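Open the model in your viewer and keep the selection tool at hand. We will go from one stop to the next.

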Amino acid sequence: MVKEEQKWTIESSASLFDLKLNEVWAYRDLMVLLVRRDFVSFYKQTILGPLWFFIQPLFTTIIFTFIFGNLAGISTDGLPKPLFYMAGITAWNYFADCLTKTSSVFKDNAAIFGKVYFPRLIMPLSIVVSNLVRFGVQMLLFLILMAYYYFAGANFSISWAICLFPLIITLMALLGLGAGMIISAMTTKYRDLAFLISFGVQLLMYATTVIYPLSEAIKKYPAYAWIIEYNPMTPIIETFRYGFLGQGSFSWLSLGYATLATIILMLLGTIVFNKVERNFVDTV
């Protein structure tokens, strides 16, 4: 029996909201290959290999514990300092990686885009999925640390909000994807953004509750707390901590705001991405 050949008509999208998900599904094998390429290239020709997935968050946690926990004396809501920082770092790293790597997808893959056709959305989606693998490895480290402190008698407990974990992952991925697609479209004309994005993401981390709880920010810096509260990543990280550690400023209203902000960014990212992909090869 001869398998019917699948054909596609290559044309500009009729709608800026059209992501051509049917084509993305047809090219799913390509996305698997891209995910594998990103994963392998991360530790290829390195001495420690995949151990770097553990080393980076572990050393960051140690540094945060020493500087912010011990020297600065910032409160961690009664949680063990390494556990508090590891929770924030694990969640933040996934969002930040999705954002920074998606933001340069046009510039980094211009040579491929100019030679062969495939749904352009495959590239940012493969970044989100490959980063999900790294997130899973760091989550394993976080769970090991949780187990250690649990048997050591630390005062924390898993709450019902852990059921929201799939939603939290989805929000982090889509938030990074949406913002990254907007920035990637802008970098095709304004190259300066490529130099600013890494620095900007680091600054954004300090406006998120990675190194301090929201309650501490509201208590000590009430005049600036609104900046932190209106950061969509703040309720996401607070919900993450509340689910796994039983501590955090959980609010359905805040989580709803983060969800709405994520949807808006994804819609804007889709519009800008579809508009730029039609002629970005001429400007990159």
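## Stop 1: the second largest cavity

Select Ala161, Ile162, Leu164, Phe165, Ile168, Thr239, Phe240, Gly243 and Phe244: together they line the second largest cavity. Two elements give two or more residues to this lining, namely helix 8 (165-187) and helix 12. Helix 12 has the largest share, with 4 residues. The model you are looking at is predicted. Show the enclosed space and you should find about 30 Å³. Colour the lining by class: 7 residues are nonpolar, 2 are polar and none is charged.

## Stop 2: helix 12 against helix 7

Keep helix 12 (residues 233-245) and add helix 7 (residues 122-151). Their axes lie 12 Å apart, at an angle of about 45 degrees. That makes helix 7 oblique to helix 12. The crossing of these two helices is right-handed.

Which residues of helix 7 meet helix 12? Pick Met139, Phe142, Leu143 and Met146 in helix 7. Across from them, pick Phe240, Phe244 and Leu245 in helix 12. By class, the contact has 7 nonpolar residues, no polar ones and no charged ones. Phe240 and Phe244 should still be familiar, as they also line the second largest cavity.

## Stop 3: helix 12 against helix 4

Stay on helix 12, hide helix 7 and bring up helix 4 (81-102). The axes of helix 4 and helix 12 come within 10 Å and cross at roughly 135 degrees. That makes helix 4 oblique to helix 12. This crossing is right-handed.

Now show side chains. From helix 4, select Leu83, Phe84, Ala87, Gly88, Ala91, Trp92 and Phe95. From helix 12, select Met233, Ile237, Phe240, Arg241 and Leu245. These residues make the contact. By class, the contact of helix 4 with helix 12 has 10 nonpolar residues, 1 polar and 1 charged. Phe240 and Leu245 of helix 12 take part here, and both also meet helix 7.

## Stop 4: the largest cavity

Keep helix 4 and bring helix 7 back. Each of them supplies at least two residues to the lining of the largest cavity. Select Asn93, Tyr94, Asp97, Asn131, Arg134, Phe135 and Gln138 to see that lining. Which helix gives the most? Helix 7 does, with 4 residues.

The space inside is about 40 Å³. Its lining divides into 2 nonpolar, 3 polar and 2 charged residues. How many cavities of 30 Å³ or more does the structure hold? The count is 2.

## Stop 5: helix 3 against helix 7

Hold on to helix 7 and add helix 3 (52-71). Helix 3 and helix 7 pack with their axes 9 Å apart, at an angle of about 60 degrees. They are therefore oblique to each other. Their crossing is right-handed.

On helix 3, select Phe53, Phe54, Gln56, Pro57 and Leu58. On helix 7, select Arg134, Val137, Gln138, Leu140 and Leu141, which meet them. By class, the contact of helix 3 with helix 7 has 7 nonpolar, 2 polar and 1 charged residues. Look again at Arg134 and Gln138: both belong to the lining of the largest cavity as well.

## Stop 6: the largest pocket

Switch to a pocket view. About 480 Å³ of space lies in the largest pocket. Its lining counts 21 residues. Centre the view on Gln56, Trp92, Asn93, Ala96 and Asp97, the lining residues that lie nearest the centre of the pocket.

Where does the lining come from? Helix 3, helix 4, helix 7 and helix 9 (192-206) each supply at least two residues. Helix 4 has the largest share, with 7 residues. Colour by class once more: 11 residues are nonpolar, 7 are polar and 3 are charged.

Finish by tracing a few residues back to earlier stops. Gln56 lies in the contact of helix 3 with helix 7. Trp92 lies in the contact of helix 4 with helix 12. Asn93 and Asp97 line the largest cavity too.

Technical notes: Residues numbered from 1 in each chain as written. Predicted model: local features only at pLDDT ≥ 70, side-chain atom pairs only at ≥ 80, totals over all residues. Heavy atoms only, no water. Axes fitted to C-alpha atoms, helices over the stretch in contact; angles between N-to-C directions. Parallel < 35°, antiparallel > 145°, perpendicular 65-115°, else oblique. Left-handed = near helix turned anticlockwise from the far one by under 90°. Contact = heavy atoms within 4.5 Å. Nonpolar A, V, L, I, M, F, W, Y, C, P; charged D, E, K, R; others polar. 1 Å grid on protein atoms, 1.4 Å probe; cavity = no way out; pocket = protein on both sides within 12 Å on 5 of 7 lines; lining within 4 Å. Points joined across faces, edges and corners; volume = space filled by probe spheres on them.
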